[in-house]
Amino acid sequence: MAADMKTVMRMRAVFVSGISASLSIAAHAVGGGAVPHQDALVLLLGVALVAGVLAAESRVPVPLLLVLGQMAGHLVLGLHDGHLHTPGPGMLVAHAGAVVVAALLVRAAEKGCGAALAVLRRLVPQEYRALPVAVAEPVRTVYRPRVGPGARLVGGTGSRGPPVVLR
């Protein structure tokens, strides 16, 4: 059961990260913001990643993480575009509605993941669940380049040339 819970927690982390980033970008576009540049997107995805890690590794409620993710995304994109402003009542209602819908979607995904894992547990026989994966022993190979009599070796073990597929 612990492995199933880890899978559900990882799935929760992916969904919280994705929803935090996508809601921030979509709200920014709807609000008239410019297309985010690469540096802002990297920072935004870093913030979303932190929200996902918190969703997987802590007991912080998912709606709170979604609110914090949207606030951080709003701050990152607003500071980057230079139009940081105080949200009005319409924006707050839209964010609250988005948090409710997103939290319900994450909860439904958790239940669906748990149901799918339960079905897989019934389908896969017990003796195949924890089979070790056989790994072949490594074969030691020695590379000795074939160098013709006129080739001059300079600082390496072979002559330079194009890959075999280009010849």
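This is a short talk on the helices, salt bridges and a few selected residues of one protein chain.

Good morning, everyone. Please keep in mind that the model is predicted.

Let's start with the overall layout. The chain has four helices and zero strands. Read from the N terminus, the order of elements is α-α-α-α. There are 167 residues, and 26% of them count as buried. About 12300 Å² of the chain is exposed, and carbon and sulfur atoms supply 67% of that area. Now the contacts. Take those between residues at least 6 apart in sequence: 80% of them join residues at least 24 apart.

Next, helix α4. How far apart are its end C-alpha atoms? They are 51 Å apart. That agrees with expectation, because 35 residues at 1.5 Å a residue should span 51 Å. Several residues of α4 are buried, including His 95, Val 99, Val 106, Cys 113 and Leu 117. Glu 110 is on that list too. Remember Glu 110.

On to salt bridges. How many does a search of the whole structure find? It finds two. In one, Glu 110 pairs with Arg 12, and their closest N and O atoms are 2.4 Å apart. This pair links distant parts of the chain. Glu 110 sits in helix α4, residues 89–123, while Arg 12 sits in helix α1, residues 2–30. In sequence they are 98 residues apart. Both Glu 110 and Arg 12 are buried.

The other salt bridge joins Arg 107 to Glu 110, with 3.0 Å between the closest N and O atoms. Here both residues belong to helix α4. They are three residues apart, about one turn of the helix. Here is the general background. An α-helix has 3.6 residues a turn, so residues three or four places apart point the same way. Side chains of opposite charge can pair when their charged atoms come close.

Is Arg 107 buried or partly exposed? Arg 107 has a relative accessible area of 45%, so it counts as partly exposed. Glu 110 has a relative accessible area of 8%, so it counts as buried. Put the pairs together, and Arg 12, Arg 107 and Glu 110 form a network of salt bridges.

Now two serines. Ser 20 lies in helix α1. Its relative accessibility is 2%, so Ser 20 counts as buried. A polar atom of the Ser 20 side chain lies 2.9 Å from the backbone oxygen of Val 16. Which residues does Ser 20 contact, leaving aside neighbours within four places in sequence? They are Ala 48, Ala 51, Leu 65, Leu 66 and Gly 69.

Ser 58 is in a loop, between α2 (38–57) and α3 (62–81). A polar atom of its side chain lies 2.4 Å from the backbone oxygen of Leu 54. The backbone nitrogen of Val 60 is 3.4 Å from a polar atom of the Ser 58 side chain. Setting aside neighbours within four places in sequence, Ser 58 is in contact with Met 9 and Val 53.

Last stop: the surface. Val 119, Leu 120, Leu 123, Val 124 and Tyr 128 make a nonpolar surface patch of about 480 Å². Leu 123, one of these, is in helix α4. With a relative accessible area of 61%, Leu 123 is exposed.

To close, go back to Glu 110. This residue is buried, and it is linked with Arg 12 and Arg 107 in a network of salt bridges. Thank you.

Conventions
Residues numbered from 1 in each chain as written. Predicted model: local features only at pLDDT ≥ 70, side-chain atom pairs only at ≥ 80, totals over all residues. Heavy atoms only, no water. Salt bridge = Lys/Arg side-chain N within 4 Å of Asp/Glu carboxyl O. Buried < 20%, exposed > 50% of the residue type's maximum accessible area, 1.4 Å probe, protein only. Patch = residues over 30% accessible without salt bridge, like charges linked within 9 Å, V, L, I, M, F, W, Y side chains within 5 Å. Areas by Shrake-Rupley, 256 points an atom, 1.4 Å probe, with all protein chains shown as cover. Polar contact = N/O pair within 3.5 Å; in protein donor to acceptor, adjacent residues only side chain to side chain. Contact = heavy atoms within 4.5 Å. Expected span 1.5 Å × (residues − 1).
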